[in-house]
Amino acid sequence: MKTGHYTYRISWSPEDNEFVATCCEFPSLSWLDANEEAAFRGIRKMVRDVASDMLANGETLPQPLAERTYSGKFQLRLPPDMHRRLTIEAAEAGVSINRWVNFKLAG
C-alpha cells in the first residue's frame, strides 16, 4: 500500500488558527495542528489507517493523481458571450483560442 504517492496539501486555516492538512484523493479527511510538519504527519497517518481499513474490508483504494494517465484534453462549457470574447482576444493576440485559454489558465 503506497499512500505516500497521494496528493497532500497543507494550508493555514485562519478560522481554526492552525494548519490544515488534506489529501486530494480522500477529500473527506483533514488534520489540524498548530505545527505544519505535525499536520502533514497527521494526515499521512490518517490516510494510511483509512487505506488499511478499506483494504481489510475489500474496498478499492483511490488511484493516486500522480499515477493517473492524462490525455491533455478536457471539454469546457462556457457561456456564448465568453466564448465570443475569448475568440476575439485570441484573434487580437494572433493565436488559436486553445493557446489563448492555456495562456489565461497559466495566468
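These legends accompany several close-up views of a predicted model.

**View 1. A hairpin of two strands, β1 and β2.**
Let us start with the strands. Strand β1 (residues 8-13) and strand β2 run antiparallel, and six bridges join them. If you would like one pair to look for, find Ile 10, whose bridge partner in β2 is Ala 21. Four residues sit between the two strands of this hairpin. In the turn, Asn 17 has a positive phi of about 55°.

**View 2. The largest nonpolar core, with 11 residues.**
Which residues make up this core? They are Tyr 6, Tyr 8, Phe 19, Ala 21, Cys 23, Phe 26, Leu 29, Ala 39, Ile 43, Val 47 and Met 54. Strand β2 (18-23) and helix α1 each supply at least two of them, and the largest share, four residues, comes from α1. In general, nonpolar side chains tend to be buried together in soluble globular proteins.

**View 3. Leu 29 and its contacts.**
Here we zoom in on one member of the core, Leu 29. What does Leu 29 touch, leaving aside residues up to four places away in sequence? Its contacts are Ala 21, Thr 22, Cys 23, Ile 43, Met 46, Val 47 and Val 50.

**View 4. A salt bridge within helix α1.**
A search of the whole structure finds three salt bridges, and one of them joins the side chains of Asp 49 and Lys 45, at 2.8 Å from N to O. Both residues belong to helix α1 (residues 36-56), where they are four residues apart, about one turn of the helix. Are these two partners buried or exposed, or something in between? Asp 49 is partly exposed, because its relative accessibility is 38%. Lys 45 is partly exposed too, with a relative accessible area of 44%.

**View 5. A salt-bridge network around Glu 89.**
Take Arg 85 as the starting point: its side chain meets that of Glu 89 in a salt bridge (3.1 Å, N to O). The two residues are separated by about one helical turn, because they lie four residues apart in helix α2 (residues 80-93). Glu 89 also forms a salt bridge with Lys 104, and here the closest N and O atoms are 3.5 Å apart. This second pair links distant parts of the chain, with Glu 89 in helix α2 and Lys 104 in helix α3 (residues 97-106), 15 residues apart. Through shared partners, the salt bridges join Arg 85, Glu 89 and Lys 104 into one network. As for accessibility, Glu 89 counts as buried at 18%. Arg 85 is partly exposed at 40%, and Lys 104 is partly exposed at 42%.

**View 6. The two sides of helix α2.**
From the salt bridges we turn to the helix itself. Helix α2 has 14 residues and reaches 20 Å from its first C-alpha to its last, close to the 20 Å expected at 1.5 Å a residue. Which residues of α2 are buried? They are Leu 86, Glu 89 and Ala 90. Seen down the axis of α2, the buried residues fall within an arc of 100°, so they line one face of the helix. Helix α3 is included in what covers them. On the other side of α2, you will find Pro 80, Asp 81, Arg 84, Ala 91 and Glu 92 exposed. Just after the helix comes Gly 94, which takes a positive phi of about 75°.

Key: Residues are numbered from 1 along each chain as its sequence is written. This is a predicted model: local features need pLDDT of at least 70, side-chain atom pairs count only at pLDDT 80 or more; totals for chains, interfaces and linings use all residues. Side-chain values use heavy atoms; hydrogens and water are left out. A salt bridge is a side-chain nitrogen of Lys or Arg within 4 Å of a carboxyl oxygen of Asp or Glu. Buried means under 20% relative accessible area, exposed over 50%, partly exposed in between (1.4 Å probe, protein chains only). A nonpolar core is a set of buried Ala, Val, Leu, Ile, Met, Phe, Trp, Tyr and Cys residues joined through side-chain atoms within 4.5 Å. Contact means heavy atoms within 4.5 Å. Two strands pair if DSSP finds at least two bridges between them. The expected span of a helix is 1.5 Å times one less than its number of residues. The arc is that of the directions from the helix axis to the C-beta atoms.
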